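Q: Please take a close look at one part of this structure that is shut in by its surroundings. I would like a connected account that then sets this part against the rest of the model.

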Amino acid sequence: MPAATAKQLWTCPMHPEIVRDAPGTCPICGMALEPMLPAPAEEVNPELRSMTLRFWAGVVLTAPLVIVAMRAWLMRPWLPLLPASAWGIIELALATPVVVWGGWPFFVRAWHSLLNRSLNMYTLIGLGVAVAYLYSVITLAFPQMFPQILRMRDGMLPVYFETAAVITVLVLLGEVLQLRARHSTSAAIRALLNLAPPVAHRIAADGSERDVLLAEVQVGDRLRIRPGEKLPVDGVVEEGASAVDESMVTGESLPVAKRAGDAVTGGTLNGTGSLVMRAQKVGADTLLARIVAQVTAAQRSRAPIQSLADKVSGWFVPAVVLIAVLTFIVWYFAGPSPALAHALVNAVAVLIIACPCALGLATPISIVVAMGKGAQSGVLFRDAAALERLREVDTLLLDKTGTLTEGKPKVVAMESMGQIPKDELLALAAALEQASEHPLAAAIVSAARERGLPIGNAGHFESITGQGVKGEIAGKAVALGNDQLATTFKVDVSRLAAAADAQRRQGATVMYVLVAGVAAGFIAVADPVKQTTPAALAGLQRAGLRLVMVTGDNQTTARAVAAKLQLDEVLAGISPEGKAEVVRRLRREGRKVAMTGDGVNDAPALATADVGIAMGSGTDIAMETGAVTLVKGDLRVLLRARRLSQATVRNIRENLWWAFLYNSAGVPVAAGVLYPFFGWLLSPMIAAAAMSFSSVSVIANALRLKYAKL
């Protein structure tokens, strides 16, 4: 697995462009960086451990500090025991470790924000706590600097050590809760990492077995999988038969029967039978490793909707500092006595309550949870933009082969003009197609091998996009392809047309064999529709999507398949570039277009669509081009993906609404706008508690996505 071999990197949960090779803090927002790839096992986050220790130490010291600060009400019998100045020194002694040591990370991050000219939430926290603490220290050390009107009945100046300490403790509590919640968002990735077994049972050439670490498994190794064990890597079954639980890649709980020749995936769970497999993909090449890599990369991407929060945050912190300064000035010159105390307290309350951490977390946390949820459901998003756009799609373009059909076609008929026997036609076609990865090519090669036919080598091989292939075999010019290919080479195929149409009406694809510029016959290949396709398409239509088949196949064949599936529209005989042009045309008409495909010929359309959807059972280039991958190529998963997209955007909007509402209402209340009407003021301690609650509530709301029903 990549987690064991790749170098660990750290990134910011709010600013994924920040990547470091060691733990630290984000230079933009000051948040602690987190590992880009979670460890397979639960590990104690050093940042969480540090914040937890500071929090509990702060609680122990702040509790008696609050009691001392409220001594006039709670400690009246003991007041004569110490002079008034001594109580201030006790408050200083209790508050200093909390503020200086407990709040040190916040001051460091605030200082870095000033150096980097990137004001953030820690700028406000650091400034608010520092003002309250330093003012109290100065009044205690130099009381003669302040006018008599500011003194209390005992002759002492009011200090705010308990305010600084309580704010620090509450912010530490918020950090602890945030770190725990962020840690839990990686649970889906850790679950995927833990699917791969730590060891594999390797079978040596002499038949003996030895347990080896997963990292030691090589391509070509024969491995034994015992009943109830997880498959270590991707490969093919060589011996035995069993039912394998593939829910981790498909989201479907029903086991799949496996026997010799069937492909198996690492991380899936073997049933009651025993299997011997040959490893084909190991390490970072396995499907499980690629899923983990894609999900972790997608979790760090930014959704378009986040740009709104970014714009607001850009001017929000400077605006808050300005509001705090204005609040101080207004209260100092127009507020009730003691004016300085009121001005200080309200300015600090504004700084604390306005921390935009909830605004910054609103989108990233939802994205992280949704990506993990998608991976567990059998769908991978390349980035957050694809996750957001999928909900807007109203038109779905569907390739036929491998998307609607099994992608495992078989030769069902052959027709010869008489000059060349059918078996020789098949052998010539197989010689041309053996270099191709298209499912139809694989069917022809497989049929030739099943008949034991000798397959030669084709020279001067060339693939003609959207038409077929050509080459030279035993000195003869041979071509294989559709009607367009015959037209390109100006070959008359009219004598084969009736028989070809009969095959097409049954849903078969017909490929003409052209030898030395003459039609020698055709080969018909049929690809059955997937059992899950009709139900999936019916569900997509109920969801309001217009379904359009876009295929390079013949019109008759395409309509035969479309009639079974009750599609809205059929576009046949479309070249790969033609598919991309169909996408562009629909987009110009104002449609939001998704394209599904599994082959190299689908890549241009996948890249052109608003959302390209690749079938995981298809080619690598299709998966790399598509913004969404259905891991097992099941269109039913597309329904889940769309519902997840809708749920995620709704969740993000809820988070942003809450964060905007909180900050919009909190700042004026903290500034004291309600005081002239109701006599209400917001204590900085209450502001700190509200700020922490706001961040935690956003995270808690995002975590609800883990339990969304798709």
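A: The expected span of a helix is 1.5 Å times one less than its number of residues. The model is a predicted one, and in it helix α16, residues 422-433, has twelve residues and reaches 16 Å from its first C-alpha to its last, close to the 16 Å expected at 1.5 Å a residue. Nine of these twelve residues are buried, so α16 is largely enclosed by the rest of the structure. The buried residues run from Leu 425, Leu 426, Ala 427 and Leu 428 through Ala 429, Ala 430 and Ala 431 to Leu 432 and Glu 433.

Strand β23, residues 593-597, can be read in the same way, with five of its five residues buried, so that this strand too is largely enclosed by the rest of the structure. In a regular strand the side chains alternate between the two faces of the sheet. In β23, Val 593, Met 595 and Gly 597 point one way while Ala 594 and Thr 596 point the other way, and all of them are buried.

The strand has partners that can be named residue by residue. Strand β14, residues 395-398, pairs with β23 in the parallel sense over four bridges, and Leu 396 has Ala 594 of β23 as its bridge partner. Strand β24, residues 611-615, is joined to β23 by four bridges and also runs parallel to it; here Thr 596 stands opposite Ile 613 of β24.

Two of these partner residues return when one turns to side-chain packing, since Leu 396 and Ile 613 are among the residues with the most contacts inside the largest nonpolar core, a set of 50 residues where Phe 381, Leu 537, Leu 567, Leu 630 and Leu 635 are also listed. Helix α25, residues 636-671, gives the most to this core, with eight residues. Apart from it lies another core, of 38 residues, which includes Tyr 133, Ala 165, Leu 179 and Ala 341.

Away from these enclosed parts, nonpolar side chains also appear on the surface, where Leu 322, Val 325, Leu 326, Ile 329, Tyr 332 and Phe 333 form a patch with about 610 Å² of accessible area together. One of them, Ile 329, lies in helix α11, residues 306-334, and counts as partly exposed at 39% relative accessibility.

Charged contacts complete the picture, with 20 salt bridges found in a search of the whole structure. In one of them Glu 238 meets Arg 222, the closest N and O atoms being 3.0 Å apart. Glu 238 belongs to strand β7, residues 234-240, and Arg 222 to strand β6, residues 222-225, so this pair ties together parts that are 16 residues apart in sequence. Glu 238 is partly exposed, with a relative accessible area of 30%, and a network of salt bridges links Arg 222 and Glu 238 with Glu 239 and Arg 278.

A bridge of shorter reach in sequence joins Arg 504 to Asp 501, with the closest N and O atoms 3.1 Å apart, both residues lying in helix α19, residues 494-504, three residues and about one turn of the helix apart. Arg 504 counts as buried at 3% relative accessibility, whereas Asp 501 counts as partly exposed at 27%. In the bridge between Lys 470 and Glu 462, the closest N and O atoms are 3.6 Å apart; Lys 470 is partly exposed at 27% relative accessibility, and Glu 462 is partly exposed at 38%.

How values were computed. Residues are numbered from 1 along each chain as its sequence is written. This is a predicted model: local features need pLDDT of at least 70, side-chain atom pairs count only at pLDDT 80 or more; totals for chains, interfaces and linings use all residues. Side-chain values use heavy atoms; hydrogens and water are left out. Patches are made of residues with over 30% relative accessible area and no salt bridge: like charges are joined within 9 Å, nonpolar side chains (Val, Leu, Ile, Met, Phe, Trp, Tyr) within 5 Å. Accessible areas come from the Shrake-Rupley method with a 1.4 Å probe; for residues, only the protein chains shown count as cover. A salt bridge is a side-chain nitrogen of Lys or Arg within 4 Å of a carboxyl oxygen of Asp or Glu. Helices (H or I, at least four residues) and strands (E, at least two) are DSSP runs, numbered from the N terminus. Buried means under 20% relative accessible area, exposed over 50%, partly exposed in between (1.4 Å probe, protein chains only). A nonpolar core is a set of buried Ala, Val, Leu, Ile, Met, Phe, Trp, Tyr and Cys residues joined through side-chain atoms within 4.5 Å. Two strands pair if DSSP finds at least two bridges between them.
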